Each structure stands twice: as C-alpha cells, then as structure tokens.
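Student: Could you walk me through how to read a few features of a protein model? I would like the general idea, then the case at hand.

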Amino acid sequence: MNMIFNWKFAASILPALSQAGVVSVWITFVSFILALVIGLPLLLLRRSSIAPLAKTTALGVDFIRNTPLLVQLFFLFFVLPDIGIKLTPVATGIIAMSLHYGCYMSEVYRAGLEAVPKGQWDAATALGFSGVHAYRSVILPQAIPPIIPAAGNYLIHMFKDTPLLASISVVELMFVSAQIGSDHFQYLEPISICGLLFLAMSLAGAELVFCTEWAIGRKWRRKW
Amino acid sequence: MEAEVVGTTATGQCHVHFCKVTKRFGTRTVLDGFNLEVPKKEKLALIGPSGSGKSTVLRILMTLEDVQQGDVLIGGEYLWRHAGAKSEAASEKDRRRIRQRVGMVFQQFNLFPHMTAVRNIAEAPIKVLGLPREEAYAQAISLLDKVGLRDKADAYPAFLSGGQQQRVAIARTLAMKPEIILLDEVTSALDPELVGEVLNVIRLIAQESDLTILIVTHQMGFAREFANRICFLENGQIIEQGPPDQFLDYPKSERTKAFLRAVLAG
C-alpha cells in the first residue's frame with residue numbers, strides 16, 4: 001500500500017469523480033424540493049382538527065424520523081420487491097430521502113408557524129382577512145424567513161447523507177470513489193477527493209443558504 | 001340573506017348589546033352573566049382590575065373569543081344567540097359581515113412587521129374589501145396624514161417608535177371604515193412620553209366621526225375627558241357605572257373607591 005499521494009492518479013480519476021458528484025448534487029436537490037413539498041401536507045394533516053388523522057400523521061412522522069435512513073433505504077430496495085414493487089436505485093434513493101427529510105421539514109414548518117405571534121392572527125381576523133388571505137398576506141411571509149436556516153441545514157445534511165445511497169448501488173460520488181479504490185487497490189486518492197468534494201459543495205451550499213436568508217426579509221428586520 | 005334583526009323596542013337603538021353573557025376559559029369564569037348596552041355614537045370607557053374581563057368584552061365583539069351563554073348583538077344582529085343551555089355562534093358568513101362593522105386596536109399594536117406603514121393600512125382594503133390598489137394606497141396616505149405620519153409611509157414597523165406604530169395601527173383600523181372601534185389598552189405598552197400623541201389621535205377621530213367607541217384604559221384623566229360613560233368591571237360583572245364626573249368624583253361602592261384610590265395613587 002502506497003501512502004504517498006499520487007497526483008497523477010488523482011488527476012486521472014478527477015473527471016469520473018466530478019461526474020459522480022454531479023449525480024449526488026442533483027439527487028440532493030430533487031429530494032430536497034420533494035421534501036419541501038411533502039412537509040406541507042404532513043404539517044396540515046398534523047394540525048388537522050380531525051383527531052385520528054392528526055394522531056396517525058404524528059405517529060408516522062415520528063416513526064420515520066426515528067428510524068435510520070439506511071434501514072429505510074434497505075426496506076424500500078430489498079423488501080418492497082417481495083410484494084411486487086420494484087424501483088430503480090435512483091428512484092428508491094429519492095423517495096427515501098424526500099420522505100425522511102419531508103418529515104423533518106414538517107417540523108421545521110411547524111416551528112416557523114408557531115413563531116408567528118398570536119397577535120398577528122388577532123390583527124388579521126380583526127381586519128376581516130379570510131383564512132387563506134391571512135396565511136398568504138400575514139402569516140407565511142413571517143413564518144418563512146426564520147425557517148430558512150433550519151431548512152438549509154437539512155439541505156446540507158441531506159447532501160451528506162447521499163453516500164448512504166451507495167449501499168443500494170446508486171452511482172453517486174461515494175459509490176464511484178469506492179469502486180475506483182477497489183479497482184486500483186488505491187483508496188487514498190479517491191476517498192480524499194471524495195471528502196474534499198463533499199466539503200467544497202457543502203460549504204458552497206451553506207453560502208447559498210446564507211445568501212438566501214440575507215436576501216429574504218432583510219428589509220423589515222431591524223439590524224442592530 | 002337577511003340576518004334576523006331584533007325589534008326596535010329594547011335594542012333597536014343599541015349598537016352593542018350583551019345579555020347575560022357568560023364566558024369561561026376552562027374552569028375560570030371571566031364574564032359572569034354580563035349585561036351591557038351601548039347606544040350608537042357612545043364613547044364608553046371600561047375600567048377595572050386586570051382579569052376583570054374588560055378586554056374579553058372587546059375580544060368577544062371582535063369575534064376573537066367565543067362565549068358559553070347569553071346573547072351578543074352588534075347593530076341588531078346576533079353574533080351569539082342563547083338557545084337551550086348554551087349560546088350558538090352566528091354562521092361564518094354572518095360573522096364575517098358583522099366583523100366588518102367592527103375594528104380593533106390592540107395593546108401590542110400588532111402591525112404586520114413585513115409591510116411598510118402604508119401597506120399595513122392598504123392591505124386589508126385591497127384584499128378584504130376589493131378596493132383598487134391605487135385607491136387603497138391613496139386612502140392609506142391620507143389616513144397617515146391624519147395621524148401625522150405621512151413622512152413614514154415607507155417605513156417598516158421596526159423602524160417606528162411605539163407611539164408611531166400605534167398611530168399606524170389606528171389608521172389601519174380606520175381604513176376598513178368600521179362603525180364601532182374597540183381600543184384595548186392602546187397606550188399601556190407605550191413609554192409615558194409617547195402616550196399623548198396616541199391619545200391626541202383618538203380625540204381627533206372621535207371628534208370627526210360618528211363612531212361608537214369602546215375603550216379599555218387605565219388612563220383615568222383621559223376617560224374623564226373622552227368618555228360619555230365609565231363602567232367599572234370586577235369578576236366579570238359591571239359593579240358600577242355612570243357619567244365620568246359623577247363616577248370618578250362620587251363613586252358609590254367601596255370596591256370602586258378602593259380601585260380608584262389605587263389607580264390614582266399610581
């Protein structure tokens with residue numbers, strides 16, 4: 001085993017790794033957007049006035065949040081085919097990640113809504129806003145800016161969870177790095193580059209989140 | 001379509017009518033067989049110790065609280081109607097219409113922090129009344145002018161003082177053209193030096209219009225000068241009421257005397 005970093009080898013595998021990195025990124029983005037979408041009905045169901053519906057949803061959300069993503073991936077990929085549901089690795093990965101993080105997002109939304117002072121509802125009612133208008137004009141514009149950091153945090157978490165998809169043979173960054181490593185009996189370069197690529201892209205993601213947070217709601221929040 | 005209107009005999013001239021209203025929060029009774037009649041254009045001050053139910057009276061009229069028993073009428077229309085053992089609410093459609101006749105200003109202002117002053121005022125006329133944008137903004141500007149804040153039209157609430165925020169909140173309420181205005185301790189959250197500017201605005205709108213005004217306040221001086229009648233609430237009932245001079249200078253009950261001593265000493 002050679003422990004001196006081979007720059008030539010590193011350069012030769014960089015294109016393949018970058019390509020795989022792109023796969024990781026797009027799977028993350030698609031899953032994140034789906035998670036954002038899934039979180040909303042979950043929240044509404046949890047806040048539903050029909051108690052059994054709200055309870056069942058709460059139970060489901062807690063179940064998914066408190067079981068490991070890897071277990072969920074294996075279940076979807078290896079157990080579901082037994083009952084005739086066969087999905088491609090990428091589809092399985094996206095479904096599992098968006099469901100898992102959708103549950104987290106519903107909690108993020110809930111925190112955002114609960115952070116809006118009750119007086120805002122009172123004022124909206126007093127001015128005659130209907131429920132839909134109150135949400136659209138008054139509540140959501142105040143609930144969304146504070147949840148951006150939390151949502152962004154989950155985006156980066158999600159990205160760092162994509163290596164789990166290697167276990168169900170999704171050809172993403174981790175999968176390709178490990179494959180190159182085993183093909184050449186040389187893991188130092190591919191795994192190092194894999195880690196560095198994750199680091200670079202996570203930092204870029206964090207910057208993106210920060211800029212979004214800054215851009216939204218900066219006008220009306222007083223800076224001291 | 002037509003909501004049921006109560007005959008003119010007992011309540012016809014009444015703008016606001018509470019009849020034997022009981023309101024509970026859990027096991028705590030806030031209003032206990034509460035009766036009140038407010039004629040049109042009256043300026044009524046509700047005073048009393050905290051927890052006496054005076055803010056609850058306003059919140060019920062604004063449809064922000066429900067009641068368990070009794071009748072509540074606004075302009076002859078039932079908001080709550082006693083039937084059998086408990087009160088039933090008016091339909092959502094009726095509530096929405098009744099709500100438009102009433103406006104409320106809150107202790108904590110409750111301005112929308114993400115809107116400029118002018119948009120705070122124009123938003124409901126646009127979204128609720130369906131006013132054209134230009135018209136709503138023009139009206140908002142003239143209301144800001146009235147409360148002395150025309151130059152703050154584009155300021156966000158976080159950049160306004162408490163007194164300025166409350167004046168915008170009053171303008172916002174006026175923009176909906178209510179017949180009844182509820183003022184819930186509107187100066188209690190303000191620094192003392194900012195109280196005067198808000199009270200001046202209230203005097204101004206009371207002079208200019210035929211509004212019925214219900215005000216919950218701890219400012220006895222203002223109540224004396226502003227109100228036609230003062231009601232003293234304790235434990236969810238009116239203990240004593242009368243014209244301000246008579247009420248404040250010659251209170252009858254011991255409870256009222258003790259309360260006034262405590263308030264005026266502070």
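**Reading a strand and its surroundings**

Tutor: Gladly, and we can begin with one strand. In strand 9 of chain B, Thr212(B), Leu214(B) and Val216(B) point one way while Ile213(B) and Ile215(B) point the other way, and all are buried. Keep in mind that this is a predicted model.

Student: Why do the side chains split like that?

Tutor: The general idea is that side chains of a regular strand alternate between the two faces of the sheet.

Student: How many residues of strand 9 of chain B are buried?

Tutor: Five of the five residues in strand 9 (residues 212–216) of chain B are buried, so the strand is mostly covered, given that buried means 20 or more other C-beta atoms within 10 Å.

Student: Which strands pair with strand 9 of chain B, and in what sense?

Tutor: Look at the bridges. Strand 3 (residues 43–47) of chain B pairs with strand 9 of chain B in the parallel sense, over four bridges. Strand 8 (residues 180–184) of chain B also runs parallel to strand 9 of chain B, and five bridges join them. To find your place, use Val216(B): Leu46(B) stands opposite this residue, and so does Asp184(B).

Student: What kind of unit do strand 8, helix 7 and strand 9 of chain B make?

Tutor: Follow the path from strand 8 of chain B through helix 7 (residues 192–208) to strand 9: together they make a right-handed β-α-β unit.

Student: Next, backbone angles. Where should I look for a positive phi in a residue other than glycine?

Tutor: Try Lys20(B), whose phi is near 50 degrees. Lys20(B) lies in strand 1 (residues 14–25) of chain B and is partly exposed, with 14 C-beta neighbours inside 10 Å. In chain A, Ser169(A) has a positive phi of about 60 degrees, and it is not a glycine either. Ser169(A) sits in the loop between helix 6 and helix 7 (173–184) of chain A. It is partly exposed, with 14 other C-beta atoms within 10 Å.

Student: Finally, how many residues does each chain bring to the contact?

Tutor: Chain A brings 19 residues and chain B brings 22 residues. On the side of chain A that touches chain B, helix 5 (118–126) and helix 6 (131–161) of chain A each supply at least two residues. Helix 5 of chain A gives the largest share, six residues.

Student: What is the make-up of that side by class?

Tutor: The side of chain A that touches chain B has seven nonpolar, eight polar and four charged residues.

How values were computed:
Residues numbered from 1 in each chain as written. Chains lettered and ligands numbered in written order. Predicted model: local features only at pLDDT ≥ 70, side-chain atom pairs only at ≥ 80, totals over all residues. Contact = placed C-beta atoms within 7 Å. Nonpolar A, V, L, I, M, F, W, Y, C, P; charged D, E, K, R; others polar. Buried ≥ 20, exposed ≤ 12 C-beta atoms within 10 Å, placed from the backbone. Pairing = 2+ DSSP bridges. Right-handed = clockwise from strand over helix to strand, strands pointing away.
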